[in-house]
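Student: I'm new to this structure and a bit lost in it. Could you pick one spot, take a close look at it with me, and then work outward from there?

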Amino acid sequence: MRWDRIGKRCVSAACCFLLAIGLCPAKASAAPEVSASAAAVVEVSTGRVLWSKNGGAAMTMASTTKILTALLTLEAGNLDEPFIVDSNAIMVEGSSMGLQKGDQVTLRTLACGMLLSSGNDAANAAAVRIAGSIPEFAVLMNERAAQLGMENSSFVTPSGLDAEGHYSTALDMAKLAAAALQNEDFREICSQTSMKVQFGSPPADRWLKNHNKLLESFDGCIGVKTGFTKLSGRCLVSAAERDGVAICCVTLKDPDDWLDHQKLLEWGFGQVEKVDLQADLSAVKVPVTGGVLKGVSVRQAEAASVVVPAGSGQFTQTLYLPQFAYAPVRAGDTLGEVRWYTGEGAERRLAASAPLIAEETSEIDPTLETPWRKRFFLWKLFS
């Protein structure tokens, strides 16, 4: 039995049960002083901005650009299909993964070359392979950025080399990193201190070393990307995860970025906490029409949690269940949903939800008179 089968008629008449979970708010601590010209600290799962400094200021962002280039590369498909790199694309200044004319690679290998070695050659090679040219790839970059809500960003180069009209903000780069970390391939690659890949003519094993020192110096670090040009200065996007909470930190033009990120990430973890949510279903039964059991208990089908400011979680639990269900109802059938909300009135927001399923089976009652059963099923068929 599915929720859409029984729920369309009963959402407006749902049985609602309320539960408030209140905690005394904790006093927020001030963010540490940092030397960055612009910075942002964001909780990844909700996108909640915990702190920013000139977070909306448009600035160049150097090779942190490759977060977007690598994400588009990993979203392009055919990641392990070998091809020969474009010889003109790889003729680019700056950091390199070591590509040469005639080398055979895959898009997955190029993504590794971008995120670990910060290869400008890898970024350009992927751009030409995917879009045919660097300008056409820049179009894709800006389209994807718009989809992610990066309203104050403009991309011109896939590598992050400085160019007129190439800029972003600390807050936009945090949005980008949070989205990229949802891609399993991206997350796997950017969290590695080193990786063995194959490329060349013919392809041979090569080791790539990640430039991100935080992977070895900060507990829970999972990425993301370094960057530097003379114009941009030192740029860094990092992320770390502890106890189910992920924090992203961005600094632009920061001469002391390693230390600043350690301080900001540690501070960020102190500002939020993960709360596990369990529905109160102790007195809940859904009536079953025409069933052996006249009612079935329900249970929460999956775990639910939400990340909230530390010590300030308050939720309203609402159960959406039908007034009754038709037999047969079988254990595991979805009967409704539990939702947890924060705030009240115009400020009410959905925090989390989980399906509610039947705990028991109630088959059709065989003692029902045959004519009644026929009318019942005809009514169900044509209603």
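**A close look at one loop and its surroundings**

Tutor: Let's start with Ser 117, which counts as buried because its relative accessibility is 9%, under the 20% cut-off. Keep in mind as we go that this is a predicted model. Ser 117 sits in the loop that links H3 to H4. So what does Ser 117 touch, if we skip residues up to four places away in sequence? Its partners are Ser 95, Ser 96, Met 97, Cys 112, Leu 208, Lys 209 and His 211.

Now step forward along the chain into H4, which covers residues 120–131. With 12 residues at 1.5 Å a residue, this helix should span 16 Å, and its end C-alpha atoms are indeed 16 Å apart, so the two figures agree. Is H4 mostly covered or mostly open? It's mostly covered, with 9 of its 12 residues buried. The buried ones are Asn 120, Asp 121, Ala 122, Ala 123, Asn 124, Ala 125, Ala 126, Ala 127 and Val 128. Helix H2 (66–75), helix H3 (107–115) and helix H5 (134–147) are among the elements covering them. Just after H4 comes Gly 132, with a positive phi near 95 degrees.

Two of those covering helices, H2 and H3, also pack against each other. Their axes come within 9 Å and cross at roughly 165 degrees. An angle over 145 degrees counts as roughly antiparallel, and H2 and H3 are therefore roughly antiparallel to each other. The crossing is a left-handed one. If you want to find the meeting place on screen, look for Lys 66, Thr 69, Ala 70, Thr 73 and Leu 74 on the H2 side, and for Leu 107, Ala 111, Met 114 and Leu 115 on the H3 side.

Leu 110 is a good next stop. Setting aside neighbours within four places in sequence, Leu 110 is in contact with Phe 83, Met 97, Leu 99, Val 105, Ala 122, Ala 125 and Ala 126. You've met a few of these names already: Ala 122, Ala 125 and Ala 126 are on the list of buried H4 residues, and Met 97 also touches Ser 117.

That brings us to the wider picture. In soluble globular proteins, nonpolar side chains tend to be buried together. Here, the largest nonpolar core holds 61 residues, and Leu 99, Leu 110 and Phe 186 are the ones with the most contacts inside it. Which element gives this core its largest share? Helix H6 (residues 170–180) does, with 7 residues. There's also a second, separate core of 25 residues, including Leu 277, Val 288, Val 296 and Trp 340.

H6 deserves a moment too. Like H4, it is described as mostly covered, and 8 of its 11 residues are buried: Ala 170, Asp 172, Met 173, Ala 174, Leu 176, Ala 177, Ala 178 and Ala 180. What covers them includes strand S2 (38–43), H2, helix H7 (184–190), strand S9 (233–242) and strand S10 (245–252). Notice that H2 helps cover both H6 and H4.

From S9 and S10 we can hop to the loop between them, where Asp 243 is found. Most residues other than glycine have a negative phi, and most peptide bonds are trans. Asp 243, though, has a positive phi near 50 degrees. At 76% relative accessibility, Asp 243 counts as exposed. Past S10, in the loop leading to helix H9 (257–269), lies Lys 253. Lys 253 isn't a glycine either, yet its phi is positive, about 55 degrees. Its 39% relative accessibility makes it partly exposed.

As for peptide bonds, a cis one joins Gly 223 and Val 224, with omega about 25 degrees, and Val 224 belongs to strand S8 (residues 221–229). Another cis bond connects Ala 327 to Pro 328, with omega about 5 degrees.

Finally, zoom right out. The chain has 10 helices and 18 strands, and 48% of its 383 residues are buried. The buried loop residue we began with, Ser 117, is part of that picture.

Note on methods. Residues numbered from 1 in each chain as written. Predicted model: local features only at pLDDT ≥ 70, side-chain atom pairs only at ≥ 80, totals over all residues. Heavy atoms only, no water. Helix = DSSP H or I, 4+ residues; strand = E, 2+ residues; numbered from the N terminus. Expected span 1.5 Å × (residues − 1). Buried < 20%, exposed > 50% of the residue type's maximum accessible area, 1.4 Å probe, protein only. Contact = heavy atoms within 4.5 Å. Core = buried A, V, L, I, M, F, W, Y, C linked by side-chain atoms within 4.5 Å. Axes fitted to C-alpha atoms, helices over the stretch in contact; angles between N-to-C directions. Parallel < 35°, antiparallel > 145°, perpendicular 65-115°, else oblique. Left-handed = near helix turned anticlockwise from the far one by under 90°.
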